[in-house]
Amino acid sequence: MNHDPRDLEWQRRYEQDDTPWDKGAPAPALTTFLHEKQIAGRVLVPGCGRGHEVRALGTQPNTSVIGLDLSAAAIAQAKQLSAPSRSDMDVSFIVGDFFKLPSKLKRSFDWLVEHTCFCAIEPHQRPDYVLAARSALRTGGRIFGIFYLNPDTESGPPFAVSQRELSELFDPYFTLLEEWVPKVSFPGREDRELVRVMQKR
């Protein structure tokens, strides 16, 4: 079987615990949002890594969450970390490629939660990301996205994105409902993130 080099690289990073982007907790912007509002229904978290956002979402009432990641090691670690709390949560984890969602997952989600997946892919893949998000969501489904505007690295990942590029990519398919710079971020990411809530047309 031929493996995509990017699959093998993410697998290696998780096996060797070489994951500086993983802060051991859900993104503060998501935690703040969940304290103020609700993300409910069926939720997809692409590039979920060790599943911190999945578990945070799993505490919400009437919520079923699927975490998806290319790395089998990441998914195994996510399942291990989630084991103590999964009895009262409807959460699951799948090894898979967001760009190649199985048909049973297409048009089946009410929400897609984005954090560190979009900035990890190659910039030329961004139009495909938007189409994958569109195909995953039901009509009227929403994206809660935390986008990394200007990371320290020039070559990436993470790869920077501008507010203008986000508009050019998403606006043809999604209506922007809200947009803000989060008041609280992980150390080093202050004023570098942009949160967008968008609705599929």
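**Exercise 1. In what order do the elements of the chain run from the N terminus on, and how does the radius of gyration of the chain stand to the globule rule?**

Solution. In this predicted model, the elements follow one another from the N terminus as α-α-β-α-β-α-β-β-α-β-α-β-β. The chain holds six helices and seven strands. The next step is the radius of gyration, which is 16 Å and thus close to the 17 Å that the globule rule gives for 201 residues, so the chain is as compact as a globular protein of that length. Along the principal axes, the C-alpha trace spans about 40 × 35 × 35 Å. Buried residues make up 48% of the 201 residues, and the accessible surface comes to about 10,000 Å², of which carbon and sulfur atoms hold 49%. Finally, among contacts with a separation of 6 or more, 71% are accounted for by residues 24 or more positions apart.

**Exercise 2. Establish the order of the strands in the sheet, and state which strands are the edge strands.**

Solution. The seven strands form an open sheet with mixed pairing, in the order S3-S2-S1-S4-S5-S7-S6. Its edge strands are S3 (90-95) and S6 (174-180), each of which pairs on one side only. From one strand to the next, the twist averages 20 degrees.

**Exercise 3. Trace the pairing of S1 with S2 and with S4, and give the hand of the crossover from S1 to S2.**

Solution. Begin with strand S1 (residues 41-46), which runs parallel to strand S2 (residues 63-69) and is joined to it by six bridges; within this pair, Arg42 stands opposite Ser64 of S2. Between the two strands the chain passes through helix H3 (residues 52-58), giving a β-α-β crossover that is right-handed. Then turn to strand S4 (residues 109-115), which is also parallel to S1 and is joined to it by two bridges, with Leu112 in S4 as the bridge partner of Leu44.

**Exercise 4. Describe how S5 pairs with S7, and which strands helices H2 and H6 meet.**

Solution. Strands S5 (residues 137-148) and S7 (residues 193-200) run antiparallel and are joined by seven bridges, and Arg142 stands opposite Gln199 in S7. Helix H2 (residues 28-36) packs on the sheet, where it touches S4, S5, S6 and S7, and its direction makes about 130 degrees with that of S5. Helix H6 (residues 163-170) lies across S5, S6 and S7, and runs at about 15 degrees to S7.

**Exercise 5. Which residues of helix H5 are buried, and what covers them?**

Solution. In helix H5 (residues 126-136), the buried residues are Arg126, Tyr129, Val130, Ala132, Ala133, Ser135 and Ala136. To interpret such a list, recall that an α-helix has 3.6 residues a turn, so residues three or four places apart point the same way. The cover over the buried residues of H5 includes S1, S4, S5, H6 and S6.

**Exercise 6. Is Thr175 buried, partly exposed or exposed, and which residues does Thr175 touch?**

Solution. Thr175 lies in strand S6. The relative accessible area of Thr175 is 32%; buried would require under 20% and exposed over 50%, and therefore Thr175 is partly exposed. Leaving aside residues up to four places away in sequence, Thr175 touches Val197, Met198, Gln199 and Arg201. As a last step, consider Phe109, which is 66 residues from Thr175 in sequence and 17 Å from Thr175 in space, C-alpha to C-alpha.

Definitions and conventions:
Residues numbered from 1 in each chain as written. Predicted model: local features only at pLDDT ≥ 70, side-chain atom pairs only at ≥ 80, totals over all residues. Heavy atoms only, no water. Pairing = 2+ DSSP bridges. Helix = DSSP H or I, 4+ residues; strand = E, 2+ residues; numbered from the N terminus. Right-handed = clockwise from strand over helix to strand, strands pointing away. Rg over C-alpha atoms; globule rule 2.2 N^0.38 Å. Buried < 20%, exposed > 50% of the residue type's maximum accessible area, 1.4 Å probe, protein only. Contact = heavy atoms within 4.5 Å. Areas by Shrake-Rupley, 256 points an atom, 1.4 Å probe, with all protein chains shown as cover. Axes fitted to C-alpha atoms, helices over the stretch in contact; angles between N-to-C directions.
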